[in-house]
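Subject: The structure for you to look at

Hi there,

Here is the structure I promised to pass on. Have a look at it first, and then read my notes underneath.

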Amino acid sequence: MPSRDQGDWLQDWLGEAEAVTSVHPPTSTSWTSPTSSSATPQGLHLTLDLPGDLVHSWQPQLLGRIPVPEGAAGGPRGLHCSPDGLLFLTAGTVPCIHVLDLEGRPVCHLPCHIPGAGDFVPEDVAVTAAGLVVVSDLVHGAVRALQHTARAPQGRWVTVGNFLAPQGLAVDAFGRVLVTDYVPGAVHSFTLGPALEPLAPASILGLEGPCWVGPGPDGGLAVSEEFGDVRLFGSACQPLGSLRGLTGHSFGSPAGVCTDAAGSVIVVDEQQCQVTLFPRARAPICLVSEGLGQPLGVACTPQGQLVVADAGDGYIKVYQYHLELA
């Protein structure tokens, strides 16, 4: 078993699974441990007893579809839900961030323009606990933050990091900005100081086509790889294995990732057109298997809803999401 400094979450996940198998007779559903030495020992085989038909019994209800704002010139892509329930969205080739409420009403839009340099198209967006909007600019290899000052009350974009190919963006539980860097196969993290200067930079290397990143359970992070897996890391960026290795789940092309209030990881699969829940100590649960064309972004709202950005038909799908797994 991994040492305690690799994160209590993995210990809880595997430990609870063993407890389940000791109480209930086994079924045909199984999890296999990751092959990496940083996770669980090779050969560990966990068998779970699953109550009922989870694939259908946990299907969240579709509450509505929010169309991409007019003029987006493309489908929704990056998606973030702020603590006050506002949706921050990147879409198409428009150089701005769309801000909507959960009923799809426009709140405002944030133009992505730098005086003297011109417009830029944001790839992904995240918002810090202090309300600071941060975006990735793939074309120019930059991560930018919208700074409000007395001289620029409407805000001005400040470059807070330069990378080869920044794409996915998130803010973790400690306020660190997380950004995937596709070309070198890395995820970079840093905090922002009072003048938006990057502090305490760190990098996770050795990833295969990292595209999207999201906060993980217990202060960690989850990173989707283009070639079919989602890697998990602890709060100190230590590797905890992968969802494919831990659960045996076969991904097509995993895209957006997020974590719900219970610490379960949620992944959208662009190729399989599905949304899958990975709860602790249980087999994966398919949450959404119909009605998606090209899901990319995903987020959980404070109101208990699941929001999916579907570039296939240009809508943001809002689902009622509330699971109580015993």
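Below is what came out of it, starting with the whole protein and then moving to one sheet and some salt bridges.

Please keep in mind that this is a predicted model. The protein has 28 strands and 3 helices. Of its 326 residues, 55% are buried. The accessible surface is about 13,900 Å², and carbon and sulfur atoms account for 54% of that. If you take the contacts between residues at least 6 apart in sequence, 44% of them link residues at least 24 apart.

One sheet you may like to find on your screen is an open one, made of 4 strands in the order β10-β11-β12-β13 with antiparallel pairing. Its edges are β10 (124-127) and β13 (156-162), each of which pairs on one side only. From one strand to the next, the twist averages 25 degrees. Within this sheet, β11 (residues 133-137) and β12 (residues 142-147) are antiparallel partners over 4 bridges. To get your bearings there, look for Val134, which stands opposite Ala145 in β12. As a reminder, strands of a sheet pair through backbone hydrogen bonds, and this can happen in a parallel or an antiparallel way.

Now to the charged side chains. How many salt bridges does the structure hold? There are 11 salt bridges, and three of the pairs are described here.

Arg105 and Glu103 make one of them, with their closest N and O atoms 2.5 Å apart. Arg105 is partly exposed at 48% relative accessible area, while Glu103 counts as exposed at 60%.

Another joins Arg176 to Asp172, where the closest N and O atoms are 2.5 Å apart. Are these partners buried or exposed? Arg176 has a relative accessible area of 18% and Asp172 one of 7%. Buried means under 20%, so both residues are buried.

The third is between Asp313 and Lys317, with 3.1 Å between the closest N and O atoms. Here Asp313 is partly exposed at 34% relative accessibility, whereas Lys317 is buried at 2%. This pair also belongs to a network: salt bridges with shared partners connect Arg65, Asp310, Asp313 and Lys317.

If you open the model, the four residues of that network, Arg65, Asp310, Asp313 and Lys317, would be a nice place to begin.

Happy browsing, and best wishes!

Definitions and conventions:
Residues numbered from 1 in each chain as written. Predicted model: local features only at pLDDT ≥ 70, side-chain atom pairs only at ≥ 80, totals over all residues. Heavy atoms only, no water. Pairing = 2+ DSSP bridges. Helix = DSSP H or I, 4+ residues; strand = E, 2+ residues; numbered from the N terminus. Axes fitted to C-alpha atoms, helices over the stretch in contact; angles between N-to-C directions. Buried < 20%, exposed > 50% of the residue type's maximum accessible area, 1.4 Å probe, protein only. Contact = heavy atoms within 4.5 Å. Areas by Shrake-Rupley, 256 points an atom, 1.4 Å probe, with all protein chains shown as cover.
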